Amino acid sequence: MKAGPDISMVAALVGDPARANMLTALMSGRALTASELAQEAGITPQTASSHLAKLEAGGLIEPEKQGRHRYYRLTGPDVAHVLEGLAGLAARAGHMRVRTGPKDPALRRARICYDHLAGDLGVQMLDSMRKQRLVRQIKELIELTGEGRRFLAESLQIDADSLAHPRRPVCKACLDWSERRHHLAGTLGAAIMLRFTELKWAARDTTPGSRVIQFTRTGERKFVAMFGAGAT
């Protein structure tokens, strides 16, 4: 018997189509009820309860009770990171859903990946941050620069010192499933996305389970000014 982590246990949990759909819905960062997750998975509430119990026992989701309702969320950003990576692998290997929905272009353009910006705009932002030398990246290692710290304070009113977290890196490269390049995760990616919503530059689609991020006209202009191809 080999020692070490048993990845087959996690793979078995994620490998079921219904559970995979539930986990993908929870990548929106929102907590959802069993009924909402059952709808996302296309299964009955009774069947959903069985799947949710397995995901909870496996440490991938956690419940939260509020009033008469019981909500579920991912146990952390590391779960979302693994799911995004698996989505990228599935796309590269050609394992795509046959039917596409009307929101697919919007999902590819800008979406939430647990708590940070993903999709075309997420990749564009990280590319621009590298070009502006706000961060430096070597493969998957990303580091905030002194210029980046000044940029955050002056342009987004984000205190870089407040980003430190005992269990999460400030900067993390997350492989974007649709663009197949990196976008910015970590506490910095989360702080920037939060700031976009605080400034009302962007908002999440309110549909349960939706991961689409919609930028306002003002937000679009501000984003382009900061992270567009010609941003300096």
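## How two helices cross

Is the crossing of helix 2 past helix 3 left-handed or right-handed? Helix 2 goes by helix 3 in a right-handed crossing. Keep in mind as you look around that this is a predicted model.

Two packed helices are described by the angle between their axes and the distance between the axes. Here, helix 2 covers residues 17-26 and helix 3 covers residues 34-41; their axes come within 8 Å and cross at roughly 120°. That makes helix 2 oblique to helix 3, because the angle falls outside the 65 to 115 degrees that count as roughly perpendicular and is not over 145, where roughly antiparallel begins.

## Who touches whom

So much for the geometry; now for the residues. On the helix 2 side, the contact is made by Ala18, Asn21, Met22, Ala25 and Leu26. Facing them from helix 3 are Leu37, Ala38, Glu40 and Ala41. Sorted by class, this contact has 7 nonpolar residues, along with 1 polar and 1 charged.

## A group of aromatic rings

Turn next to the aromatic side chains. Searching the whole structure turns up 6 aromatic pairs. One of them joins phenylalanine 196 and phenylalanine 223, whose ring centres sit 6.1 Å apart with 70° between the planes, an edge-to-face arrangement. This pair ties together distant parts of the chain: phenylalanine 196 belongs to helix 9 (residues 186-198) and phenylalanine 223 to helix 10 (residues 217-227), with their positions 27 residues apart in the chain. Both of these phenylalanines are buried.

Phenylalanine 223 has another partner, phenylalanine 215. Their ring centres are 5.5 Å apart and the planes meet at 65°, so this pair is edge-to-face. How buried are the two? Phenylalanine 215 has 13% relative accessibility, so it counts as buried, and phenylalanine 223, at 3%, counts as buried as well. Zoom out a little and you'll find one aromatic cluster made of Phe151, Phe196, Trp201, Phe215, Phe223 and Phe227.

## A stop at alanine 90

Last, have a look at alanine 90, which lies in helix 5 (residues 77-92). Is alanine 90 buried or partly exposed? Its relative accessibility is 24%, so alanine 90 counts as partly exposed; the cut-off for buried is under 20%.

How far is alanine 90 from leucine 184, in sequence and in space? The two are 94 residues apart in sequence, and their C-alpha atoms are 21 Å apart in space.

Methods:
Residues numbered from 1 in each chain as written. Predicted model: local features only at pLDDT ≥ 70, side-chain atom pairs only at ≥ 80, totals over all residues. Heavy atoms only, no water. Axes fitted to C-alpha atoms, helices over the stretch in contact; angles between N-to-C directions. Helix = DSSP H or I, 4+ residues; strand = E, 2+ residues; numbered from the N terminus. Parallel < 35°, antiparallel > 145°, perpendicular 65-115°, else oblique. Left-handed = near helix turned anticlockwise from the far one by under 90°. Contact = heavy atoms within 4.5 Å. Nonpolar A, V, L, I, M, F, W, Y, C, P; charged D, E, K, R; others polar. Phe/Tyr/Trp six-rings, centres within 6.5 Å; stacked < 30°, edge-to-face > 60°. Buried < 20%, exposed > 50% of the residue type's maximum accessible area, 1.4 Å probe, protein only.
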